[in-house]
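Please open the model in your viewer and keep the sequence panel beside it. The stops below are given in the order in which they can be selected.

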Amino acid sequence: MVEARGRVLALAPNWVGDVVMCTPALRALHKAFPDAELTVAGRASACALLQGLPWISHCVTLAQRPRPAEMLSAGRRLRSHGTDLAVVFPHSFRAALQAWLAGATRRVGYARGGRSFLLTDPVEPHREDGRITPIYMGREYLDLLKPLGIEDDGLGLELAADPAAVRRAREALGGSGPRVGFSPGAAFGPSKLWPAERYAAVADALAERVDARCVILTGPGEEDTRRAVLAAARTPFIDCDGGKPSLETLKATVSQLDLLVCNDSGARHVAVAFGVPTLCLMGPTSPLYSEGPYERGRVLRIDVDCGPCQKPVCSTDHRCMTGISVDWAVETALEILEEKNKKQETRNKKA
């Protein structure tokens, strides 16, 4: 077990949304060992996302696809951070090997991918009828801590936004009308993308009907999607990142929204962490992985005979996404905004 002033290392998940869904488990680790140094190691995007959380002592950036020499070098760096306990949240063999190379005395991770011999505490994944089955990723990460006697505090996902970036976002979003963000990209692959012209149509409708201030939010590699949305829309979009996206700007901007319209992507979970309602347009991926108890808003999804396929590129006609209509999205967005207004009015009356 970790000593009072010991060192705890957490190997972070890879995808943006998974990192956000891992924050309850990371916070639980800190609360279980409040005097220990908690170091999180992961991709640069993971470190940027977790920046500002007061209960993380250190963030160590790891190469995305490290060569053997890079893994050995990272192991030497991590030895000073996590020699007592390492929790391996990713499922990969490489992540478990990295924890072993870091020299952690105790290594906890799921028994997957033939890597159990690298772990001191291999944990069986969730199974039904003997088969590994999907569960909400936030729950999966918390369940990994059960052998350590660590429980969920029930506070949900958590991120911190830089105050200066928040001030800039507020200035850019100034004016009347609801602040609606549109995140039309998805790093997973094109199968997750709702058509760009439909995002534009929703923005036009919300601007016309409720004077919405529409914000475009895209990440690196999503430039074509961004241009397609902007070209198809009549309403002008607010640009909070100047065409130079960063996770710092994304967090700050999302924290100031009234609604985020998005695919099943990382931005969705960033919104959940800040208590912002989401309208998620979901197609090829199973909702069992991503729908948790902390989310506000709605998920629009239709059942198709070929899904959920979990494929990054559609092999048929993309009917799981094209079957979601603009009218359905617009009406649902208006319902979410109306619900938010009513809750705010109730809070104002009680104040």
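The tour begins with the whole chain and then moves to single helices, loops and residues.

**The whole chain**

Before selecting anything, bear in mind that this is a predicted model. With the full chain in cartoon representation, the secondary structure comes to 14 helices and 13 strands. The radius of gyration is 21 Å, close to the 20 Å that the globule rule gives for 351 residues, so the protein is as compact as a globular protein of that length. Turned along its principal axes, the C-alpha trace spans about 60 × 50 × 40 Å.

If you switch to a surface, the accessible area comes to about 16000 Å², and 50% of this belongs to carbon and sulfur atoms. Beneath that surface, 52% of the 351 residues count as buried. Among contacts between residues at least 6 apart in sequence, 64% join residues at least 24 apart. Colouring by charge shows 44 positive and 41 negative charges, whose mean positions are 4 Å apart.

**Helix α4**

Select residues 68-78, which form helix α4, and display the side chains. Which residues of α4 are buried? They are Met 71, Ala 74, Gly 75 and Leu 78. These residues lie on the same side of α4, because they cover an arc of only 105 degrees around the axis. Rotating to the face turned away from this buried side brings up the exposed residues Ala 69 and Arg 76. To see what covers the buried residues of α4, add β1 (7-11), β2 (37-42), β3 (58-61) and α5 (93-101), which are included in that cover.

**Helix α9**

Next, select residues 223-232, the extent of α9. In this helix, Thr 225, Arg 226 and Val 229 are buried. Their arc around the axis is only 100 degrees, which puts them on the same side of α9. On the other side of α9, the residues to pick out are Asp 224, Arg 227 and Ala 231, which are exposed. The buried residues of α9 pack against α8 (196-210) and β10 (213-216), so both elements should be displayed with the helix.

**Two neighbouring loops to inspect**

Stay with α8 and β10, and select the loop between them, where Asp 211 has its place. Although Asp 211 is not a glycine, its phi is positive, at about 60 degrees. With a relative accessibility of 44%, Asp 211 counts as partly exposed.

Then move to Thr 235, in the loop between α9 and α10 (247-254). Is Thr 235 buried or exposed? Its relative accessible area is 14%, and Thr 235 is therefore buried, the cut-off being under 20%. Leaving aside neighbours within four places in sequence, Thr 235 is in contact with Ala 203, Asp 204, Ala 207 and Cys 214. A distance drawn between the C-alpha atoms of Thr 235 and Gly 177 reads 14 Å, for two residues 58 apart along the chain.

**The loop between β13 and α13**

Select the loop between β13 (297-300) and α13 (319-322), in which Pro 308 lies. A cis peptide bond joins Gly 307 and Pro 308, with omega about -5 degrees. Gln 310 is found in this loop between β13 and α13 as well, and its phi is near 60 degrees, a positive value in a residue other than glycine. At 31% relative accessibility, Gln 310 counts as partly exposed.

**Two buried helix residues**

For the next stop, select His 269, which is found in helix α11 (residues 266-273). At 4% relative accessibility, His 269 counts as buried. Not counting residues up to four places away in sequence, His 269 touches Gly 17, Val 20, Met 21, Leu 157, Asp 264 and Ser 290.

Finish with Leu 142, whose place is in helix α6 (residues 137-143). Leu 142 counts as buried, with a relative accessibility of 4%. Displaying its surroundings, and again not counting residues up to four places away in sequence, you will find that Leu 142 touches Pro 24, Ala 25, Ala 28 and Asp 152. A last C-alpha to C-alpha distance, from Leu 142 to Gly 109, comes to 11 Å across 33 residues of sequence.

Note on methods: Residues are numbered from 1 along each chain as its sequence is written. This is a predicted model: local features need pLDDT of at least 70, side-chain atom pairs count only at pLDDT 80 or more; totals for chains, interfaces and linings use all residues. Side-chain values use heavy atoms; hydrogens and water are left out. Buried means under 20% relative accessible area, exposed over 50%, partly exposed in between (1.4 Å probe, protein chains only). Helices (H or I, at least four residues) and strands (E, at least two) are DSSP runs, numbered from the N terminus. The arc is that of the directions from the helix axis to the C-beta atoms. Contact means heavy atoms within 4.5 Å. The radius of gyration is taken over C-alpha atoms; the globule rule is 2.2 Å times the number of residues to the power 0.38. Accessible areas come from the Shrake-Rupley method with a 1.4 Å probe; for residues, only the protein chains shown count as cover. Lys and Arg count as positive and Asp and Glu as negative; His and the chain ends are not counted. The place of a charge is taken as NZ of Lys, CZ of Arg, CG of Asp or CD of Glu.
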